[in-house]
Amino acid sequence: HIRSYIYTRKGDVISVTLDLDMETLSFSLNGKPLGIAVDGLSVAVHGHFYPAFSLYNDDDQISILPPR
């Protein structure tokens with residue numbers, strides 16, 4: 001079973017981590033890891049990566065922050 005959505009509430013923080021050394025993309029919700037979503041992400045094979053976001057509600061917001 002693959003789940004491609006998560007339920008969030010106002011104030012929740014979703015983090016996305018692209019690890020090019022491990023060739024993985026993973027997510028966390030409020031600091032809790034949700035696991036690896038995609039593996040095998042090689043720049044040598046796939047070229048460049050560009051972020052893309054979809055917002056659903058009129059008042060949804062996104063902030064892009066540097067890694068901690």
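## The second hairpin

Strands β2 and β3 form a hairpin in which two residues lie between the strands. Within this turn, N30 has a positive phi of about 55°. The structure described here is a predicted model.

The two strands run antiparallel and are joined by six bridges. One position of this pairing can be followed residue by residue: S28 has P33 in β3 as its bridge partner.

## The first hairpin

A hairpin is also formed by β1 and β2, here with four residues between the strands. E23 belongs to this turn and has a positive phi of about 60°.

Strand β2 covers residues 24–29, and six bridges join β1 to this strand in an antiparallel arrangement. Two facing pairs help to locate the pairing in the model. I14 stands opposite L29 of β2, while D19 stands opposite T24 of β2.

## The sheet as a whole

Taken together, three strands make up an open sheet, with the order β1-β2-β3 and antiparallel pairing. The edges are occupied by β1 (14–19) and β3 (32–39); each has a single partner strand, and therefore one side of each is left without a neighbour in the sheet. On average, neighbouring strands of this sheet are turned by 20° against each other, with direction ignored.

As general background, the strands of a sheet pair through backbone hydrogen bonds, in either a parallel or an antiparallel manner. In a regular strand, moreover, the side chains alternate between the two faces of the sheet.

## The largest pocket

The largest pocket holds about 2,300 Å³ of space. Its lining consists of 44 residues, and those nearest the centre of the pocket are I14, S15, V16, F53 and I62. The elements that contribute two or more residues to this lining are β1, β2 and β3. Of these, β1 gives the most to the lining of the largest pocket, namely five residues.

By residue class, the lining of the largest pocket comprises 24 nonpolar, 13 polar and seven charged residues.

## Where sheet and pocket meet

Residue I14 links the two parts of this description. This residue stands opposite L29 in β2, and I14 is also among the residues that lie nearest the centre of the largest pocket. The strand β1 (14–19) is likewise an edge strand of the sheet and the element that gives the most to the pocket lining.

Definitions and conventions
Residues are numbered from 1 along each chain as its sequence is written. This is a predicted model: local features need pLDDT of at least 70, side-chain atom pairs count only at pLDDT 80 or more; totals for chains, interfaces and linings use all residues. Side-chain values use heavy atoms; hydrogens and water are left out. Two strands pair if DSSP finds at least two bridges between them. Axes are lines fitted to C-alpha atoms, for helices over the stretch in contact, and angles run from 0 to 180 degrees between N-to-C directions. On a 1 Å grid over the protein atoms alone, a cavity is a set of points where a 1.4 Å probe fits but cannot get out, and a pocket is an open set with protein on both sides within 12 Å along at least five of seven lines; lining residues have an atom within 4 Å of a point. Grid points are joined across faces, edges and corners, and a volume is the space filled by probe spheres set on the points. Ala, Val, Leu, Ile, Met, Phe, Trp, Tyr, Cys and Pro count as nonpolar, Asp, Glu, Lys and Arg as charged, and the others, Gly among them, as polar.
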